Amino acid sequence: AREEAPKFGQGGVTWVRTFCDFPGKKHFCEWLAPNREAVEKIFKDLNIPFDELYEVKVFDVGKIRFEE
């Protein structure tokens, strides 16, 4: 069974996974959150450094549309 992803604070923010490019020293983290401000607040509260936050949508190739 897969463990449940950790949740942070009261803002409905959940870490999903992290992609790492160790040679390039870049890490990209996927989060589920109501908005970017909720993730930014968690990062600031926990002193997690970040360069940018991007809100993105998932494109479903099979349905040829963005997920809601």
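A residue counts as exposed when its relative accessible area is over 50%, as buried when that area is under 20%, and as partly exposed in between. Ile64 is exposed on this scale, because its relative accessible area is 66%. The structure described here is a predicted model, and the terms buried and exposed will return throughout.

Start with the overall layout. The chain has 68 residues, of which 12% count as buried. Its secondary structure consists of 1 helix and 5 strands. Read from the N terminus, the order of these elements is β-β-β-α-β-β.

Next, consider the interior. The largest nonpolar core is made of 7 residues: Val13, Trp31, Ala38, Val39, Ile42, Phe43 and Leu53. Helix α1, which covers residues 36–45, is the element that gives the most to this core, contributing 4 residues.

Two of the core residues, Trp31 and Leu53, also appear in the description of the largest pocket. This pocket holds about 1,100 Å³ of space. It is lined by 27 residues, and those closest to its centre are Cys29, Glu30, Trp31, Leu53 and Tyr54. Two elements, β3 (26–32) and α1, each give two or more residues to the lining. Strand β3 gives the most, with 7 residues.

Glu30 leads on to the charged pairs. Side chains of opposite charge can pair when their charged atoms come close. How many salt bridges does a search of the whole structure find? The search finds 3. One of them joins Glu30 to Arg17, with 2.6 Å between the closest N and O atoms. This pair links distant parts of the chain, since Glu30 is in strand β3 and Arg17 is in strand β2 (residues 13–21), 13 residues apart. Glu30 has a relative accessible area of 27%, so it is partly exposed. Arg17 is also partly exposed, because its relative accessibility is 44%.

Another salt bridge belongs to helix α1. The side chains of Glu40 and Lys44 meet there at 3.2 Å, N to O. Why are these two residues separated by about one helical turn? They are 4 residues apart in helix α1, and that spacing is why. Are Glu40 and Lys44 buried, partly exposed or exposed? Glu40 is partly exposed, because its relative accessible area is 22%. Lys44 has a relative accessibility of 52% and therefore counts as exposed; the cut-off for that word is over 50%.

Helix α1 holds a further pair, Lys41 and Asp45, which lie 4 residues apart, about one turn of the helix. Lys41 forms a salt bridge with Asp45, and the closest N and O atoms are 2.6 Å apart. Lys41 counts as exposed, because its relative accessibility is 51%.

Glu37 is another residue of helix α1. Its relative accessibility is 48%, so Glu37 counts as partly exposed. Along the chain, Glu37 and Leu53 are 16 residues apart, and their C-alpha atoms are separated by 9.1 Å. Leu53 has already been named as a member of the largest nonpolar core and as one of the residues closest to the centre of the largest pocket.

Now turn to the loops and the backbone. Most residues other than glycine have a negative phi. Asn47 has a positive value, with phi near 55 degrees, and is not a glycine. Asn47 is located in the loop between α1 and β4. Its relative accessible area is 67%, so Asn47 is exposed.

Ile64, the residue met at the start, also has a positive phi, about 50 degrees, although it is not a glycine. Where is Ile64 placed? Ile64 lies in the loop between β4 and β5. Val61 is in the loop between β4 (59–60) and β5 (65–66). Val61 counts as exposed, because its relative accessibility is 65%.

Val61 and Ile64 bring the description to the surface. Together with Phe59 and Phe66 they form a nonpolar patch there, and the accessible area of these residues together is about 450 Å². Nonpolar residues are thus found in two settings in this model: in the core, with Val13 and Phe43 among them, and in the surface patch, with Val61 and Ile64 among them. The residues of a nonpolar core are buried by definition, whereas Ile64 is exposed because its relative accessible area is 66%.

Conventions. Residues numbered from 1 in each chain as written. Predicted model: local features only at pLDDT ≥ 70, side-chain atom pairs only at ≥ 80, totals over all residues. Heavy atoms only, no water. Core = buried A, V, L, I, M, F, W, Y, C linked by side-chain atoms within 4.5 Å. Buried < 20%, exposed > 50% of the residue type's maximum accessible area, 1.4 Å probe, protein only. Patch = residues over 30% accessible without salt bridge, like charges linked within 9 Å, V, L, I, M, F, W, Y side chains within 5 Å. Areas by Shrake-Rupley, 256 points an atom, 1.4 Å probe, with all protein chains shown as cover. Salt bridge = Lys/Arg side-chain N within 4 Å of Asp/Glu carboxyl O. 1 Å grid on protein atoms, 1.4 Å probe; cavity = no way out; pocket = protein on both sides within 12 Å on 5 of 7 lines; lining within 4 Å. Points joined across faces, edges and corners; volume = space filled by probe spheres on them.
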